[in-house]
Amino acid sequence: MSNVLNESAENYLETILILSQKLPVVRSVDIANELGFKKSSVSVAMKNLRNRDLIVMSDNGHISLTPEGQAMAETVYERHALLSGWLIELG
């Protein structure tokens, strides 16, 4: 699979990473609520991320990042944190 992700996929991975640090389990509804998206849109995105082996979803709907998904999510998160810090410094 290609390691190139579109911005939407990156945002989903980053959101899963952040929610997994705050919640005991992450579900599609949690992602939808966090991003303000319809659950149907999130379901399509989760299917795409599953097909790329970036997430796994348990039978009861709990979403986890695969090692590759975790690495990508951390890269996106670090990039956003770096940019945010830089913009804050600029005022």
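Which residues is Ile55 in contact with, leaving aside its neighbours within four places in sequence? The legends below, for close-up views of a predicted model, begin with this residue.

**View 1. The surroundings of Ile55 in the predicted model.** Leaving aside neighbours within four places in sequence, Ile55 is in contact with Leu13, Ile16, Met46, Leu49 and Arg50. Its other contacts counted in this way are Ile63, Ser64, Leu65 and Thr66.

**View 2. The largest nonpolar core.** This core has 20 residues. Ile55 is among those with the most contacts inside the core, together with Leu13, Ile16, Ile31, Met46 and Leu49. At least two residues of the core are supplied by each of these elements: helix H1 (7–22), helix H2 (28–35), helix H3 (39–51), strand S2 (63–65) and helix H4. Helix H1 provides the largest share, namely six residues.

**View 3. The aromatic pair of Tyr12 and Phe37.** The structure holds one aromatic pair. The rings of Tyr12 and Phe37 are arranged edge-to-face, at 6.0 Å centre to centre and with 65° between the planes. Tyr12 belongs to helix H1 and Phe37 to the loop between H2 and H3, so the pair ties together parts that are 25 residues apart in sequence. Tyr12 has 4% relative accessibility and therefore counts as buried. Phe37 counts as partly exposed because its relative accessibility is 41%.

**View 4. Thr15 in helix H1.** Thr15 has a relative accessibility of 8%, so this residue counts as buried. When residues up to four places away in sequence are not counted, Thr15 touches Ile31, Glu34 and Leu35.

**View 5. Ala32 in helix H2.** Ala32 is buried, because its relative accessible area is 5%, and the cut-off for this class is under 20%. Apart from neighbours within four places in sequence, Ala32 is in contact with Phe37, Lys38, Lys39 and Val42. One of these, Phe37, is also a member of the aromatic pair with Tyr12. Between Ala32 and Ser84 there are 23 Å in space, C-alpha to C-alpha, and the two residues are 52 residues apart in sequence.

**View 6. A nonpolar patch on the surface.** Four residues, Leu83, Trp86, Leu87 and Leu90, form this patch. Together they have about 450 Å² of accessible area. Leu87 is located in helix H4, which comprises residues 67–90. Helix H4 is also one of the elements that each supply at least two residues of the largest nonpolar core.

Notes. Residues numbered from 1 in each chain as written. Predicted model: local features only at pLDDT ≥ 70, side-chain atom pairs only at ≥ 80, totals over all residues. Heavy atoms only, no water. Patch = residues over 30% accessible without salt bridge, like charges linked within 9 Å, V, L, I, M, F, W, Y side chains within 5 Å. Areas by Shrake-Rupley, 256 points an atom, 1.4 Å probe, with all protein chains shown as cover. Salt bridge = Lys/Arg side-chain N within 4 Å of Asp/Glu carboxyl O. Helix = DSSP H or I, 4+ residues; strand = E, 2+ residues; numbered from the N terminus. Core = buried A, V, L, I, M, F, W, Y, C linked by side-chain atoms within 4.5 Å. Buried < 20%, exposed > 50% of the residue type's maximum accessible area, 1.4 Å probe, protein only. Contact = heavy atoms within 4.5 Å. Phe/Tyr/Trp six-rings, centres within 6.5 Å; stacked < 30°, edge-to-face > 60°.
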